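Grab a pencil and let's work through how two parts of one chain sit against each other. Try each task yourself before reading the solution.

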Amino acid sequence: MLTLQCPYCGVQADETELSAGGEAHIERHGPGSSDEAFQEYLFSRENPFGVHFERWRHSHGCGKWFHAARNTVTLEVYGTYPAQTTEPPADIRKRISGVAPGWTWRFLG
Amino acid sequence: MSHRHSKSGRLTDGNKEISFTFNGKPLRGFEGDTLASALLANDQMLVGRSFKYHRPRGIVASGTEEPNALINMGEGARFEPNQRATTTELFDGLVARSQNHWPSLDFDVGGINASLSRLLPAGFYYKMFMYPRAFWKHVYEPFIRQSAGLGQAPKEGDADTYEHFHAFTDVLVIGGGVAGLVAARAAAETGARVLVLEQSAHWGGRGPVDGGRIDDRPVDNFVETLVSDLSARANVTLRKRCMGAGVYDHGYALGYERLSDHAPDSNGPRHRLWRIRAKQIITATGAIERPLAFAGNDVPGVMLASAMRDYLVNYGVAPGQRIIVATNNDDAYRTAIELKKAGLDVLRILDARETGGGALMNQARQLGIRIDCGRAIAKVSGGKRVRKVQICAQIGAGGALEEVGCDAVAMSGGWSPAVHLWSHCGGKLLWDDTHAHFRPDPERPPTGADGKGFVLPAGSANGILSLDGIVPDAIQTGRDAAKAAGFRLRKAPEFSVVQNSEAPLEPVWLMPQEARVGLRAKAWLDYQNDVKVSDVQLAAQEGYESVEHTKRYTTLGMATDQGKLSNINGLATLANALGAPIPAVGTTTFRPPYSPISMGAIAGEARGSVFQPLRRTPMHEWHRQHNAEWEPVGHWRRPYAYPRTGETTHDAVMREVSNTRQNVGLLDASTLGKILVKGPDAGKFLDMLYTNMMSTLKPGKCRYGLMCSENGFLIDDGVVARIDDDTFLCHTTTGGADRIHAHMEEWLQTEWWDWKVYTANLTEQYAQIAVVGPKARELLDKMGGMDLSADSLKFMEWQDGQIGDFTARVYRISFSGELSFEIAVPASQGLAFWSELMKAGQGLGVMPYGTEALHIMRAEKGFIMIGDETDGTVIPQDLGLNWAISKKKEDYLGKRAQQRDHMTDPTRWKLVGLETLDGSVLPDGAYAVAVGTNANGQRNTQGRVTSTYHSPTLSKGIAMGLVLHGPDRMDEVLEFPGTDGKTYQARIVDPVFYDKDGEKQNV
Amino acid sequence: MSETISALNNAGFSGLVRIDETGLQGMITLRGDLSLATVKKVATTASGAAFPGQRQITVSDTGALAWMSPDELLILCPYEDVSDRLAKMTKSLGNTNALAVDVSDARAIFAISGEDARDVMAKLCPVDLHPEVFKPGEIRRTRLAQIAAAIWMEDDDTFRLICFRSVAQYAYDALKVAAAAGSAVGFHAAQDPA
């Protein structure tokens, strides 16, 4: 059972206070998008053995969505950050490179 | 025979006798006894039967590792199966029964399996029950079910209460033996918050029994001082009878506290589950002695050497008069010495090592005990108790050199650290050749959120088996844990330790080394599940190489003790059979809990009225008093109908529908979601959420809307009211309120975070009552207040005003097709308002109606219901709701998906009405069959029923369904085979059965 | 005004601790940009309390002001004062992009008091309630067993708890179980250096 720090209210939240929301940084494709792009948006998800970026909601707390960068194998948490961004902050990417050199994830790495 | 040797055991009070029963037989024990020690004191050597062969089983261990002494405890509402006698503290009036035998423990018919054991080898079930396939259902499955399980399931509800407790600590120490307490002391010294859990009722672990001196004092004396020192510290919490059950991600751990198992009449919860978050966890869980694998090692009276020492020292109980000790290490000599000192007959120590042991051997020899080196047990004979032992050379096949009569055997195959808790969350092990055991690999601990290790092993759990090594290791571990938890180290405590040094052990995985087949087939590895050396060897021979596969094939280690005694012996046997080194074979996965915990503890407070959070409307109590039958809708309880005396539920529903259509009915609609959406971009936002256009709605007006997911599927519907220029109130379905509010927040926070919109979930702020029926306006007029005439408040409008004494918001909307007002008042006035409406409607025939009447009336009108007509695969276009989908909008959630091939496929099933030819009610969910069969030989289908009712208004069955090309097939008759064997014929009709032009709601 | 009743009509229970549903409490949710001077002023004026920091609750003679999330405050005031205060707030906010709404009837409020209050709450909430960690002045939104709740301490022995009105009975029943006679834990008390 994980703990993640909610970047909005600062609480080190127990997993029972949180809801998982799947992969982070997915770009929305709406009307006018190609079938391929739309399919990618709706159905394609990463399933990495290692570094991952996820969406979580502090649902039994302040109610805010946030992002978590963590390792699906070691459960190490590289950091959490607000959801109002299209990619992880530089400091978190740098931290990941420090402990998991050569990591890649979708458009990152 | 086993007997009470001395009234003054270390833990028993010989002056306090208590009585208990075993299989109905009244017996006596002392305060401080465990059930196991008391049974042994009464010469009850036979305590149960094994799982597969129903072999006689005696007590083999003294703690939680016990595989045999599983009993049915208590009676009635306090009955519980599979309790270990060794960890059950004796209390006055305890009732215990043995299990897995029929008709009695002494004479058991199932024991015949034992004589068939050659026909029941490893993998027997897999081999036997494969063919013929037809036998499965009526022959094999009943047989397996009948023989599965050991204890009986309780028949009554549990009389006890349970609870959880969330604890946070810097350092959690699991195990209150010498290592745990010393580590706790070292950690506490730094100011860290320390929580120590000890599974038994006593501090000190094995230390006080195993001897040695710390700080120039006997170990029990040292432990006592240390415990009082720790108790006095404000930053330390000590809990006895609290087992560390599991270690999980990010420093989460479970503690299982048994509060009243030893005192069942006391007040309060029976068990408490500690849900612990620790920065660092020290596993000071000790080590478990291994049995030796020799023929007949399961005969009652054969016991672990350490257990025999425990019974003698702690409880004054001797398991026999004439005892033989078999060992491959020095520790068992301690048992021999204690037995001899107590005046018992130690006939022989059989030391498998050619050269024997060290200082302890000399001490034993000086006491006059005969020691035979390089010797082994070939076979123990006896049925329900040990009668004699055949002695042979360890190197050899078991040719007997000598036969000695005796009544108990102590065995020791060495010690394995209890690495379970270290391993639960991924801690790795390494093989230690010196001690022939696996111990924690300090380089590969379980890692936490920071990527660093958060579990530290201490003492014998760390593979250190001598007291003079354990104490300094525990000090270091305690300090390391505190430091890792962020505390500054101060001076370390120092303790001097004296203990006899020990000669190295010699691994013995089979006794004798080359035991012949007949002996190997009687050499038990897993006592509870009846797995023998020969079974594991057979598995290897049949090609099982992975230890995980072998475990499942042979059932080794799969019993309720999870192989605490058998695992290492089993995998060493496998390794030898495969000709591979032990570490290459590895261990099976250690999974929590360490030993079984009660279901009650897991449930905690969640029973009875707090099993789940039922949601109640402000009028809940009124409904209850008026005999409401409840329908669960999410966690809400809504009245389904209000049957009157002598009325069936169906009759009540029919009456409620008819009365509402003819007079006036009241519906508690408080559960409908009410979400306030406000801001300059609120209209733009709702245009994205709903399929239709909401931004054009005028203040004062209402509009029905549909919401879809990005997949295009319909997820919710409801009426939106525009409050003012930048404020909307969105009604959702009852089940949708929280979900849709979360859906809105998700899009606002994660996609359109620059849009100026705020939301608030006001669902529970209001009690909402639907006043429905031709006399609805008349009723409200009687209440007095605002003008609700057709001109003043038109259909699909809302207004704020006064009704009677109540400040209310009135929505003129209808889900029944009747003249209808939905009225919201503050929740705290809901009951009063409802009561006033009932009073005012007396002369008008007012009646409350429930959700089933609501459903029938909406079906009569052809209105869809989320969850009936939708199931997560249905799009609005399937339901003929194209009129509610804006063509003008460039985008809304689900629009792009609804353009996909599959969504525009003309063969998608579409909504129609269905009317049975004979007026009967179609079965819910029934499929309309088509010609031909599919690849599985099933009838092809062309539609299904989504809602079906008896309509009292039309006096016939009406239904809605999704049908292939449905709207183009009006008047066609379809066949719906029911599960009742009948086939129903129904005609495709328009889904609006009642008042198609909507005249009744618009008056 | 007609008869108004709180969710549990002031039910009370004495066990390990005293549990009271304390009746109707005025509550106003204010959502907006908390860095705006207008929003700050409206909140402090309506509550009479100082502007709270992250996860803080500040109190005044007639109410309190709680930080609920980065864009949400909760104003506590006497139940009968809500409409007045809300009207003033709405007026003062003017065209500011914000949402102020009465939620008094959507909630239930409890007091949990006694020496064992921390232990009782720790049975139901996954929160570190150690006296040095959780102190009066902090408000914590979390779960109480299976429901959402907000908790804070009025003094060292008294918690206040807000939950949704529909689950008030559940909250009350769960608290009663946690405060049942004979279920003392002695965890936080034992750690209290006093």
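**Exercise 1.** Find how far apart the C-alpha centres of domain 1 and domain 2 of chain C lie.

*Solution.* Keep in mind that this is a predicted model. Start with the bounds: domain 1 of chain C takes in 12-23 + 106-182, while domain 2 covers 26-105. Now compare their C-alpha centres, and you get 23 Å between them.

**Exercise 2.** Work out how much area is buried between the two domains of chain C, and which three residues of domain 1 supply the most on its side.

*Solution.* First, count who touches whom: eleven residues of domain 1 of chain C are in contact with 15 residues of domain 2. Next, the area: about 1,200 Å² is buried between the two domains, with 57% of that from carbon and sulfur atoms. Last, look at domain 1's share: Arg107(C), Ile139(C) and Arg141(C) give 48% of what it buries against domain 2, more than any other three residues.

**Exercise 3.** Describe the polar links between the two domains of chain C, then the side of domain 1 that touches domain 2.

*Solution.* Step one: there is one salt bridge between the domains. The side chains of Glu138(C) and Arg55(C) form a salt bridge, at 3.0 Å from N to O. Step two: seven residue pairs are in polar contact across the two domains, both residues at pLDDT 80 or more. Step three: on domain 1's touching side, the elements giving two or more residues are strands S8 (107-113), S9 (139-144) and S10 (147-155) of chain C. Sort that side by class and you find six nonpolar, one polar and four charged residues.

Terms used: Residues numbered from 1 in each chain as written. Chains lettered and ligands numbered in written order. Predicted model: local features only at pLDDT ≥ 70, side-chain atom pairs only at ≥ 80, totals over all residues. Heavy atoms only, no water. Domains from an automatic or database assignment. Contact = heavy atoms within 4.5 Å. Buried area = accessible area lost by both parts, 1.4 Å probe. Salt bridge = Lys/Arg side-chain N within 4 Å of Asp/Glu carboxyl O. Polar contact = N/O pair within 3.5 Å; in protein donor to acceptor, adjacent residues only side chain to side chain. Helix = DSSP H or I, 4+ residues; strand = E, 2+ residues; numbered from the N terminus. Nonpolar A, V, L, I, M, F, W, Y, C, P; charged D, E, K, R; others polar.
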